[in-house]
Amino acid sequence: MLATLSAGAQTAQRYTLQGRVTDAGGQGLPGATVLLNGTTLGASTGADGRYVLEASIAPGSYTLTVSLIGYLSVSQVLTLGANTTVTTDVSLAESRQKLDEVVVVGSTISAPKRELGNAISTIRAEDLAQSGSGGLLNSLQGKVAGAQITQNSGDPAGSLSVRLRGVHSLQGSSDPLYVIDGVIVSNASTNVSQLALSNDIGVANAGQNRLADLNPNDIASLNIINGAAAAAQYGSRAANGVVLITTKRGQSGAARVSVSTSFSLNELRKSVPVNTYGKQFGFAGLRLYTIGAPTAAQIVTNPGITTTSITRAGATTALANNLVDVTRYNYFDQIFRTGYGTDNAVSVSGGSERTQYYVSANYLKNEGIIKGTDFTRYNLRARVDQRLTDWAKVSAGLSYVNSFSNEKANGNVFYSPINSINITNNIYDITQRDAAGNLLAVEPTRVNPLSTIEDMKFTQSVNRTVSDVQVNLAPFKGFSADYVLGVDAYSQVGQSYIRPYPYQATAGLPAARYPGGFAANGNNAVIQLNSDINLGYEYQVSENLKLNLRAGYSYQYAQQDYTTTQGQNLAPFITTVSGASSTTVVSAYNLDRYNLSGYYGQATIGFRNLAFLTGAVRRDRSSKFSDTETNQVYPKVSGSLVVSDFNFWQNSAYANAFNSLKLRASYGEAGNLTGIGAYDRFYQFSPVGFLGKNTITPGTTLANPAVKPERMAELEGGADLAFLSDRITLSVTAYYQKITDLVVRRNLAPSSGGSAIVNNVGSMENRGLEVSLGGMPVKTTDFTWDVAFIFSRNRNKVLSLPGSNGSVQAISVDNAAGAPVYLLEGQPAGVFYGSGYARNPDGSLLLTPQGFAQDERTVGQAVGAVGFTPARNSDGQPLYGSGSTIANVVIGNPNPK
């Protein structure tokens, strides 16, 4: 909100400025900001749109400016004289393009969109409410250009991953940084409740995102900044983009109570096809996976078996080809259900001109579509804003979250509900029980799918607080000083229990399925603190030039204590680790501590409020890196030009039909700390018990003090257009990103003294296009219809990876699905890479003489290579033996097209 003050040096008088702020239909607008420019005096409108501003100032000419998110700002000149009560009513017009909308771009920093040289997406509270979801990230799906939001788990509180403009790290997370009211909050996914899965899914994410703790009903708006445009404020943590969340605050006036409730129904959208054919090869008990020939003993026992010889992969196998009658079952009926959910919220807000408050409570209960899964969350939040003087304000906020979830095993494990169904021949009645009520075995080495529902329990409880204290000072004209102290603290407590299988003697389950039972507990305690100070000075150089200077300092500290204990072979009726065999109990403690600090400077010069040029630089240091590498500098430059504000445009015949055009461009560099742990640069030792004493064993990963942060450089350009008085809006953005110094765990020759080293040896690029088209086909006093279309395209490529002797690494990526996901040079990050089918020169499948597809074979294919020369025998078939191996190809690309 901008205005100019011109008043003579006269004796101050007491004035009461009052009025009402309404929309085009005459409805009062609550929450509008009213400022008397040239002073630090301001007020906000109440529930009916009325405001009262008490001011002790000298008589003269002033400018009163009124603004509200989503509306065009209005400035009116006031002449204060003998009349001490001045009434000014203002009507605000809605702005679809919102060039004059003030958006949050940092912890305490905001700016009009017209000044920004980069794309920024704004999501308002009503947009989140219309999604009908109790989860924040679910509510964002389909609303943000360039955002890929993927659900990683089917649990009601399962994790989601968010990528803004593609992948930015090969080892670390590509999720953006989340900031709530200036507080940097964690969105980590730490597994405390499904520790049994670690042997199968490695370090893949099987846990919850911590954004599952947030209540969308408390959010006023989100501003999403992609990539390096956020470099000045967040430097080493800005490469993945930043999501700035602003929560609701109190407004002056009588107490206002808001209550909402919703009910949801959750069902399986579509089931995979189920084999209902009442026939099977061989005999009812024949194991069909892996494909193999009936044994001689099985043929004797089942004399009706007939076989046919099939030659494949260089081997001939006699497979059963006779059919027998079987009864088939649909196991989905025993696993899935219709889940119900409810989301209930209440808030109370109000206050006086100097004190405003906001208090809210929320209860969410959501049942999953898999039996035995649910998520319950309680939220309490309070915020108080207190104006101490005309130039000083203090604000404090506190949010408390308590949640509890019942989960089931996720990922590529044989005892997850989905996998147990998919890999079990559905000829067994899984509901049958013995005399004691225990489930019976199905086919050998398989878990009865119903055991995953009845005999396994995975739970997680979370307690979390997000708190902040903010001080805002404006001691003299044009100058501001803002301070934020924020703390995000939470604890996760998880428990796992797999009951000893009563049918183990029949099923013969392998050790990986924990036949004797499994119990574990996990505890994760996290604290994140950030302390930010931002200084700003705005100076009107001349009638046409305005200068805006900013500088600031930030300190961040994070600590994590992660403890797990697990054991097997449980005693009857004991569901905790206390019942495990002492020889199987394993405990682990992991800690993480690091800090990050930095300072920045930024200058924006504006010409006639239609052309803007911004330059910024930030210098960061972090304890994750050695003294020689810790100091990193991140520059940024951007510009914007509002072409439609030129006189030639305003006076043209097409000005009403094509009413707004803004051109923008930016370049920036930002860092990423997610690819390296706090202690990865050190040579580490592990304690190992030996003959009743504790010993220390050196690690095989060598130290590297030269490792440094990953760095991204981004060039972006675009345009924002509006037509028919902002009834139609269009935003187009093109970008190119190059990420260098990617942290990769590089394999070493044994002669080096270690097996690997963490090093900056990779590079990658993203290039893409984002288009957002919005429209308002219908707008009346009682009805509004908005439509939006979003198109995003990102093309990612890994440019370089470590290697030796002309070969590069094929780096496998752990994932919960167990898919063959790899990082390959010259390919998009995360492609599926593995054995491919043999093909003819025209691309068609090369079939065996019996008409079956078969693996491709080659000789001498380099590690990580996608090209190869097919190896063929004299018959034109794939060559087996003679040093040939399966040929690896890119099977598919999971990245969006």
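With 897 residues, a compact globule would be expected to show a radius of gyration near 29 Å, and the protein comes in at 32 Å, which agrees. Keep in mind that what you are viewing is a predicted model. Along the principal axes, the C-alpha atoms fill a box of roughly 115 × 65 × 60 Å. Inside that box you will find 10 helices and 49 strands.

How is the chain packed? Of the 897 residues, 47% count as buried. Take the contacts with a separation of 6 or more: 68% of them come from residues 24 or more positions apart. On the outside, the protein exposes about 40,000 Å², with carbon and sulfur atoms supplying 56% of that area. As for charge, there are 67 positive and 61 negative ones, and their mean positions lie 2 Å apart.

Now let us go to a single residue. L364 sits in strand β24, which covers residues 355–367. Is L364 buried or exposed? Its relative accessible area is 8%, and because the cut-off for buried is under 20%, L364 counts as buried. Another residue to look at here is G135: 229 residues separate it from L364 along the chain, yet their C-alpha atoms are 9.7 Å apart.

Further along, strands β31, β32 and β33 are worth a slower look. Strand β31 (residues 586–607) runs antiparallel to β32, and 12 bridges join the two. They form a hairpin with 3 residues between them, and R608 in the turn has a positive phi of about 55°. On its other pairing, β32 meets strand β33 (residues 632–642) through 10 bridges, again in the antiparallel sense. G615 is a handy landmark in β32: A603 stands opposite it, while in β33 its bridge partner is V637.

In a regular strand the side chains alternate between the two faces of the sheet. You can follow two faces along β32 (residues 611–622): F612, T614, A616, R618, D620 and S622 make up the covered face, whereas A611, L613, G615, V617, R619 and R621 belong to the uncovered one.

Finally, turn to an open sheet of 4 strands, ordered β44-β45-β46-β49 with antiparallel pairing. β44 (811–812) and β49 (888–892) each have a single partner strand, so they stand at the edges and one side of each is left without a neighbour in the sheet. The partner of β44 is β45 (residues 821–823), joined to it by 2 bridges in an antiparallel arrangement. Within this pair, S812 stands opposite Y822 of β45.

Notes:
Residues are numbered from 1 along each chain as its sequence is written. This is a predicted model: local features need pLDDT of at least 70, side-chain atom pairs count only at pLDDT 80 or more; totals for chains, interfaces and linings use all residues. Side-chain values use heavy atoms; hydrogens and water are left out. The radius of gyration is taken over C-alpha atoms; the globule rule is 2.2 Å times the number of residues to the power 0.38. Buried means under 20% relative accessible area, exposed over 50%, partly exposed in between (1.4 Å probe, protein chains only). Contact means heavy atoms within 4.5 Å. Accessible areas come from the Shrake-Rupley method with a 1.4 Å probe; for residues, only the protein chains shown count as cover. Lys and Arg count as positive and Asp and Glu as negative; His and the chain ends are not counted. The place of a charge is taken as NZ of Lys, CZ of Arg, CG of Asp or CD of Glu. Two strands pair if DSSP finds at least two bridges between them.
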